[in-house]
Amino acid sequence: MASNARLDHRNPLVFDTHELGRRPGALQRLTRTVDAPKDLGLQEVIGVPEGAPVELELRLESVMEGVLVTGTARATAEGECVRCLEPLELELEADFQEMFSYPDADDRGRPKAEPADDAEEDEDRLFLEDGMFDLEPVLRDAVVLALPMQPVCQEDCPGLCSECGARLADDPDHHHDAVDIRWAALQGLAGTMQDGEKDEMSGAEAGVDEKQEK
């Protein structure tokens with residue numbers, strides 16, 4: 001990926017590497033708590049709410065071609081159980097490692113002798129800009145990979161009743177009496193016959209009453 005335009009040092013996810021001084025082997029350790037950016041996670045599934053605290057532990061190492069950033073992000077993700085649809089929270093820990101290259105160095109860390117048409121290679125690389133780098137794209141990728149695609153409130157969540165939608169974890173004995181469709185048809189026929197017999201009996205009784213009156 002090409003270098004970002006004008007990184008803002010006031011952005012909490014932008015880090016300055018000037019203390020390393022482009023000295024291979026130089027190390028810097030950082031800890032920082034930042035507000036989660038928007039859409040940090042899997043949209044409409046699970047993610048870290050915007051503005052929620054994200055704890056970062058970073059190790060910055062100067063190498064020939066740039067700065068190698070290794071770190072861990074910790075936060076609380078929120079989502080919905082895919083089985084019972086109840087809200088859930090997940091303690092998230094995402095590890096990552098990324099190389100931020102010097103824009104004026106080749107893959108071996110040496111200054112480029114002359115400009116080359118390597119746009120395709122640069123698309124997959126991240127670059128330092130004025131000694132700074134933006135951690136947000138790396139953080140976003142790490143969080144997405146660490147989150148479950150189908151979050152559940154508990155591993156053995158039984159989900160919802162397919163007939164009435166009741167949450168089965170709240171009522172383990174919940175069930176519905178199964179009715180065989182073949183017997184249901186016979187029961188309907190029997191009910192119809194019983195109604196016909198009642199009508200015939202009512203008609204017969206009415207006829208007897210009329211004779212008695214004569």
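In this predicted model, Leu 56 of strand E5 has Ala 73 of strand E6 as its bridge partner. That pair of residues is a convenient point of entry to the strands, the core and the aromatic rings described below.

**Strand pairing**

Strands E5 and E6 run antiparallel and are joined by nine bridges. A hairpin connects E5 to E6 through two residues. On the other pairing of E5, strand E2 (residues 27-35) meets E5 in the antiparallel sense, again over nine bridges. Within that pairing, Val 34 is matched with Val 54 of E5.

Strand E6 also pairs with E7, in an antiparallel arrangement joined by 15 bridges. Here Gly 79 has Leu 88 in E7 as its bridge partner. E6 and E7 form a hairpin with six residues between them, and Leu 85 in the turn has a positive phi of about 65°. Strand E7 pairs in turn with strand E8 (residues 126-127), this time in the parallel sense, over two bridges. The bridge partner of Phe 100 in E8 is Leu 126.

The table gathers these pairings.

| Strands | Sense | Bridges |
|---|---|---|
| E2 and E5 | antiparallel | nine bridges |
| E5 and E6 | antiparallel | nine bridges |
| E6 and E7 | antiparallel | 15 bridges |
| E7 and E8 | parallel | two bridges |

As a general point, the side chains of a regular strand alternate between the two faces of the sheet.

**The nonpolar core**

Which residues touch the most other members of the largest nonpolar core? They are Val 48, Val 54, Leu 56, Val 69, Phe 96, Phe 133 and Leu 135, in a core of 38 residues. The elements that give two or more residues to this core include strand E5 (53-63), strand E6 (66-80) and strand E7 (87-101). Strand E3 (40-42), strand E4 (46-48) and helix H2 (136-146) are also among them.

Val 48 shows how such a core residue is surrounded. Setting aside residues up to four places away in sequence, Val 48 touches Ala 36, Leu 40, Val 54, Ala 75, Thr 76, Ala 77 and Leu 92. One of these, Val 54, is also the bridge partner of Val 34.

**Aromatic rings**

The structure holds two aromatic pairs. In one pair, the ring centres of Phe 15 and Phe 133 are 5.5 Å apart and the planes lie at 15°, so the pair is stacked. This pair links distant parts of the chain, because Phe 15 belongs to strand E1 and Phe 133 to strand E9 (residues 132-134), 118 residues apart. Both rings belong to buried residues: Phe 15 has a relative accessible area of 1%, and Phe 133 has one of 0%. Ring pairs join Phe 15, Phe 100 and Phe 133 into a cluster.

A ring also meets a charge in this model. The charged end of Arg 22 sits over the ring of Tyr 102, at 3.7 Å from its centre.

**The segment before E1**

Pro 12 lies in the segment before strand E1 (14-16). Is Pro 12 buried, exposed or partly exposed? Its relative accessible area is 41%, so Pro 12 counts as partly exposed. Apart from its neighbours within four places in sequence, Pro 12 is in contact with Arg 32 and Val 34. Pro 12 and Thr 33 are 21 residues apart in sequence, and their C-alpha atoms are 8.5 Å apart in space.

Notes. Residues are numbered from 1 along each chain as its sequence is written. This is a predicted model: local features need pLDDT of at least 70, side-chain atom pairs count only at pLDDT 80 or more; totals for chains, interfaces and linings use all residues. Side-chain values use heavy atoms; hydrogens and water are left out. A nonpolar core is a set of buried Ala, Val, Leu, Ile, Met, Phe, Trp, Tyr and Cys residues joined through side-chain atoms within 4.5 Å. Buried means under 20% relative accessible area, exposed over 50%, partly exposed in between (1.4 Å probe, protein chains only). Helices (H or I, at least four residues) and strands (E, at least two) are DSSP runs, numbered from the N terminus. Contact means heavy atoms within 4.5 Å. Two strands pair if DSSP finds at least two bridges between them. Rings of Phe, Tyr and Trp (its six-membered ring) pair if their centres lie within 6.5 Å; planes under 30 degrees apart count as stacked, over 60 as edge-to-face and the rest as tilted. A charge sits over a ring if NZ of Lys or CZ of Arg is within 6 Å of the ring centre and within 35 degrees of the ring normal.
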